[in-house]
Structure formats: structure tokens, C-alpha cells
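Visitor: I am new to this structure and would be grateful for a close look at a single part of it. Please choose one helix and describe its surroundings.

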Amino acid sequence: MKSTFNINNLVRQNIKNITPYSSARDEYKDISSDQMIFLDANENPFENGVNRYPDPQQLSVKKILSKCKKINEKHILLGNGSDEVLDLIYRAFCEPKEDNVITLPPTYGMYSVLANINNIENRKILLNENFQPKVEKILNTVDSHTKIIFLCSPNNPTGNSFSEAIIDELLNKFNGLVVLDEAYIDFSEKESLLKKIKNYPNLIITQTLSKAYGLAGIRLGVCYASENIIKILNNIKPPYNVNELTQQKALERLKNYEDVKNEISQLISERKRLKNELECCVNYIEKVYPSDGNFLLIKVDDANKRYNQLLEYGVVIRNRTTQPLCENCLRISVGILEENLKLIRALKAIQ
């Protein structure tokens, strides 16, 4: 339990003083009535299904997410992809040219990109040889201007999950925000740490509908945090940041969660089968790392060579050899059975 944490000590002063924009749909919310005509938002009145502005708070989507995730709607914020959510967190809590954040390479590259965009110092601390955070070094790097520690678990590109004990230690000992990126949590045997939000007011968890839900094209990211943090982020988000078509498609998918679970089950099964094939049947693969994601990180003899050879066979994977601790490593997304079979045939064919 985090008892001494005060979110107001972290918020930028100009954000504290901001007057949020009030949209037409913030001021009058009930647009379902057939008895009303709407002349308040300067919309085109000719009905075509999307001529009206979308719900700025995405209440229908939040309602079903709340039920699925067993968390109150007041703890949910939706964004135009997780990248918008992450950018909002930077803009709410990090003062340009003054504050700093901590990231743990190898990890998701947008944490660094957003730090640069927002003119925030990024203090990088490499993971250890087991791809776990170095808690002591992280805490020794923290100073009075360190606002956020970014954790990606399961981690991209390594695929492993971080120890829950390590995450707890950082939450307890760091008096800033811990952002836990759970983009790949649905593929893990470990449970999401959403339950910890009620005990840790400094915890922010981000998830996405791009991976397990198969909705990368609609760009919908989710943020779970304390009611106070969600309120701050709501104050600065664009008024209609999640469009109507995205909301409709998300609702359709969330209402068919059994289909999602079936696809997740198939991908986990394919991940296990693919891992076994790669370990036993391709001699230039030196290691296949354990994964809780929908991908595998493999170490080969020459990543650049093998990447280019696979392209010639019509297979596109990700070359991660330039990333810290990932020399000669390739990242392979788990496909459907036919795609994985084509990959294996190509890997066996190249010399």
C-alpha cells in the first residue's frame, strides 16, 4: 500500500491551472432521443452514420471494458492508440527541460521517442542478462526530477515478463509514477496487475486492442489508473480523440470476446509449436528465448544475413540486432498455421 504518494506533487503547474475544453457533447450528452434536434455542434445535419461527433468519453466502450476487466469505469481512459496515452502522461507530469524519466532497454522504442518530442531527459538503464530490471541501479538513478519509470511486461522485444516482486519493489520505493505497459498481457500465463491499482496510486497500466483483440487498424489504447490520474489526463486529451468508427468496431469485438479468447488460445499453441521447431530443427539458431507475447526472440549466427535471406523467401520478420543486449537477434511474430509452416520451411531451406 502506497500511503505517502500525492499525485498533485507530480502534475505540471500549467496543467493544474488548465481549464479543460468543453465540447458540445460534454455539455449535452443524451443524443439518443428522437424528440430532440441538435443544432449545437455545427455538424452537417444530413445523416450518414458518422455526421455527428462521437462520444468524447467513449462511455459504451468503457462500460464493456469495465465488465471484462473488473475495474470501475472511472479508472479507464481511452486513447488513439497506446502512443497517445503515453504522450498524455508525458505532457501531464513531465516539465520540459527539467524532468527526467527512466526506461529499460531493450524495450518499446516509443518511450524514448516521446521523451525526445516532449524535451524530457531519458535515463536508460539496461536490463540484466535475464532481461529483468536492475532495481538497485534504477533507484540509485532516481533524483528529485525523475517523474516516471517505464516498464514493459511482457517486454518487447524480449518476450519475457518482469518479476512481480521487482515491480512491487519499484512501486513501493519510487515516489513517482510507474507506467506498466501490458500490451501483450493476454498472451501470458501471468495475470494482469490491474488489481494493484487500488493499492498503488502511483501505478498506471496501459493496454491495447491492437494485439490479442486483432484491432491494430482502429488504433485504440487503454489506460487504467487511479481516478485522480484519469481526471488529469481527461483534462488535457483532445475532445474527440477516439472516432466513432473505432468505438463501433471496438464494441463489436468486445461483445464477441469468446472469439478473441479462441484466437489467443490458437496463437499460444502456435507459439509453443513454433518454439519447438526452431529449437530442434534449425542449426544456425543459437537460442530461442522464452516468451509471454505473441512473438519469439531468437538469436542466430548472423541476423543481417538471415533477415535478408528470409525476405528472398517472402517472409518478413523484425531485425533487432541493433538493440541493446540483442546482438544477432531476430523477432518473429507468431502467425497462423500456414504462415508458420512457410516460415519454418524457409528457415530450413536457407544455408
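**A close look at helix α5**

Guide: Helix α5 spans residues 110-117, and its buried residues are Tyr-111, Ser-112, Leu-114 and Ala-115. Viewed down the axis of α5, these buried residues fall within an arc of 165°, so they line one face of the helix. The general geometry is helpful here: an α-helix has 3.6 residues a turn, so residues three or four places apart point the same way. It should be noted that the model is predicted.

On the other side of α5, Asn-116 and Ile-117 are exposed. The buried residues, by contrast, are covered by elements that include the helix α4 (81-93). Four strands are also among the elements covering them: β2 (100-103), β3 (121-124), β4 (146-152) and β5 (177-181). Just after α5, Asn-119 takes a positive phi of about 60°.

For wider context, the pockets of the model may be considered. The largest pocket has a volume of about 530 Å³. Its lining comprises 16 residues, and those nearest its centre are Cys-68, Lys-69, Glu-191, Ser-192 and Leu-194. Both α3 (59-69) and α10 (257-281) supply at least two residues of this lining, and α10 gives the most, with three residues. By type, the lining of the largest pocket divides into seven nonpolar, two polar and seven charged residues.

The second largest pocket has a volume of about 390 Å³. It is lined by 20 residues, of which Ile-31, Tyr-53, Pro-54, Asp-55 and Glu-244 are the closest to its centre. Two or more residues of this lining come from each of α2 (24-27), α3 and α9 (244-254), and α9 gives the most, with four residues.

Conventions
Residues are numbered from 1 along each chain as its sequence is written. This is a predicted model: local features need pLDDT of at least 70, side-chain atom pairs count only at pLDDT 80 or more; totals for chains, interfaces and linings use all residues. Side-chain values use heavy atoms; hydrogens and water are left out. Buried means under 20% relative accessible area, exposed over 50%, partly exposed in between (1.4 Å probe, protein chains only). The arc is that of the directions from the helix axis to the C-beta atoms. Contact means heavy atoms within 4.5 Å. On a 1 Å grid over the protein atoms alone, a cavity is a set of points where a 1.4 Å probe fits but cannot get out, and a pocket is an open set with protein on both sides within 12 Å along at least five of seven lines; lining residues have an atom within 4 Å of a point. Grid points are joined across faces, edges and corners, and a volume is the space filled by probe spheres set on the points. Ala, Val, Leu, Ile, Met, Phe, Trp, Tyr, Cys and Pro count as nonpolar, Asp, Glu, Lys and Arg as charged, and the others, Gly among them, as polar.
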